[in-house]
Amino acid sequence: MDKNQATGLILISILMIAYFWFFADAPQQAENIESNQVEQNEKQQEAAPSTNTKEATSVIENDSSLNQKLVNQFGAFAGVAKGESQISTFNTETIAIQFDSKGGRIKNVELLDFKTHDGQPLIISNQEDEEKELLFNTANGEVNLYDLYFEMQGSPKRQLSNGDTIDIKFVAQLASGKSIEQVYTLSGNQYQIGYTLAFNGLNNEVLGDQLTLRWNKKMRKFEKDLEQSRMKVTMNYYSEEEGMDGLSERSEEDSEEITEPVKWFSFKQNFFMEALITDIPMKRAEFATDIEGLSDDYVKRGKAKVEIPLAEVTNKAGEFKYYFGPNNYKTLQKVAPDFEENVYLGWFPISLVNKYVIINVFYVLEKYISNYGLIIIILVFLIKLALSPLSYKSYVSMAKTKVLKPQLDEIKEKHGGDMQKAQADQMDLYRKVGVNPLSGCIPLLLQMPILFAMFYFFPSSIELRQESFLWASDLSTYDSVLSLPFTIPFYGDHVSLFTILMTLSTLLITWSQGQVSSVQGPMKNIQYFMPVIFMFVLNSFPAALSFYYLIANLITFGQQTLIRRMIDEDKIIGILEENKKKNVNKKTSKFQQRLQEAMKASEEAKKAKDKGKKKKK
């Protein structure tokens, strides 16, 4: 009999008693009513208990089976292995973050200051894209922390402003004095989230000496160009012994096992990153990337497996940090040791130019100028101004070589096809007139680090992302003025106007330099192929890079035109002839002596080889 039936019988009995008490003149009618009601209730009771008993028995049996299954799987943690998932949302000035009470874990992170290439919210972390386990050993086997249910303590502030800091605590209470605590620390204007994990009073329940974190993440596509995006995706890490290192970016599949302790690792894309940082050395780490089975909505899959010392967690001695944010060099410098190396700025010494010159100049200009196209123009002017002495020296050296061309041609005609004797006489001529044939190359070589620095700087600059200039809607990717119905090998399926203009300006510079160059014959024509090759290479590179080279070429052409007007070739010829008179009795330098000896030895070896061939004949 259920509660409702029992209540009904009691009420009916009370009414029956009241009826007989006040209406004693109708005993027979009351008796009949009472008899009929009792008889009806008896029939109901005969039927109802049978159904209710079956339902109750089924529930008890199912609940008992479920409880036993949880006990077998989770042992002492079975009490917190079932529950209801509850989502809690918090907003700061930089991120919107959701927590799930199941696992007490981060469910979703949105970067509020950024959008995807098509204007959608930029969700950098999504529970649906991850397979994440934090395993610890028990008497019943491994238990995944994220399978347990937690309760959020208190009512933390949900909307944080600059200067606000809160702790969000999730507790899984097993028994008195026995619990698991996870605490997340949010700040109003930070991309970092503090994290601590503690096992309280569970020394007998949690076995072994380590936790195992397995974290597989499908990284979503945020930029327009899938191919270029995939070439910038990898997993980086920092070990105490080797420093910062990582897997190959360009490889579709790569893996590595690290034996030394790791202090942080990251799921790194071109402009954004998710990372775990800790002051507890993570041991025996394994990292891998692949694209197997991924749709075009994802750029790559990252996999991490690390071991965390349990003692540090039990004693609350270790702290962790999550980073969900942009790959901004200045921002990353404040996160962890070498964390800014996630922004690749080229190999040494190219990286030094970017780190200590280009980035600092760029950020100073950024404070006062909001248009990034203008920033690039000013940056080019500043760099060209700083390098103008080298450019002048290089151009003058080429002019000196040009005025010597008639004498160099005479030497070639004198020796015919004997290149070694011709080169020896050419070197002697250079010595007498005081011209170093390498002096024109050295200034160019000194400018090369800056030229290559831009090659790495612009593709990695998140500041340029979704910033428009002229016809380019986004300076961080290619500017497409025409989409092709087919793909040209090594070029692509679009036409970048900045790249075409850069190519034409490079051809103009090549022609201008040819006016003062002594290079003749096929070599003079070959130099015109390089700009065309770069047109193919740079067609899918960021518009900012092509625009920088375009402006640099136009300024260089202006410099050369100005220097050409300043240089008097007749005056140069006079200086060289005067040097020739002064250096008549000048001794040959040790370097030139060694060079001449080497050429002489080479000539003798050639003669001996020719004699040997004649004898055989």
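Author: Let us start with a definition: a crossing is right-handed if the near helix is turned clockwise from the far one by less than a right angle, and left-handed if anticlockwise. In this predicted model, helix H8 passes helix H9 in a right-handed crossing.

Reader: Thanks, that helps. And why is H8 called roughly antiparallel to H9?

Author: Helix H8, residues 405-415, packs against helix H9, residues 419-433, at an angle of about 150 degrees, with the two axes 9 Å apart. Angles over 145 degrees count as roughly antiparallel, so that name fits H8 and H9.

Reader: Which residues make the contact between H8 and H9?

Author: From H8 come Gln407, Leu408, Ile411, Lys412, Lys414 and His415, and from H9 Lys421, Ala422, Asp425, Gln426, Leu429 and Tyr430. By class, this contact has five nonpolar, three polar and four charged residues.

Reader: What makes H6 and H7 oblique to each other?

Author: The axes of helix H6 (residues 350-368) and helix H7 (residues 372-403) cross at roughly 130 degrees and come within 10 Å. Roughly perpendicular runs from 65 to 115 degrees and roughly antiparallel begins over 145, with angles outside the named ranges called oblique, so H6 and H7 are oblique. H6 also passes H7 in a right-handed crossing.

Reader: What classes of residue does the contact of H6 with H7 have?

Author: Ten are nonpolar, none polar and one charged. H6 brings Ile358, Val361, Phe362, Leu365 and Glu366, while H7 brings Tyr372, Ile375, Ile378, Leu379, Leu382 and Ile383. Glu counts as charged, so Glu366 of H6 is the charged one.

Reader: Let us turn to a loop. Why does glutamine 269 count as buried?

Author: Its relative accessibility is 9%. Buried means under 20%, so glutamine 269 qualifies. This glutamine sits in the loop between strand S15 (262-268) and strand S16 (272-290). Beyond its neighbours within four places in sequence, glutamine 269 is in contact with Met219, Arg220, Phe222, Lys232, Val233, Val299 and Asn327.

Reader: Which residues touch the most other members of the largest nonpolar core?

Author: Leu148, Ile180, Phe265, Phe287 and Met454 do, in a core of 119 residues. Helix H14, residues 543-566, gives the most to this core, with ten residues. As for phenylalanine 265, its contacts beyond four places in sequence include Trp215, Met235, Tyr237, Met282 and Phe287. There is also a second, separate core of 18 residues, with Met398, Val403, Leu429 and Val433 among them.

Technical notes. Residues numbered from 1 in each chain as written. Predicted model: local features only at pLDDT ≥ 70, side-chain atom pairs only at ≥ 80, totals over all residues. Heavy atoms only, no water. Axes fitted to C-alpha atoms, helices over the stretch in contact; angles between N-to-C directions. Helix = DSSP H or I, 4+ residues; strand = E, 2+ residues; numbered from the N terminus. Parallel < 35°, antiparallel > 145°, perpendicular 65-115°, else oblique. Contact = heavy atoms within 4.5 Å. Core = buried A, V, L, I, M, F, W, Y, C linked by side-chain atoms within 4.5 Å. Buried < 20%, exposed > 50% of the residue type's maximum accessible area, 1.4 Å probe, protein only.
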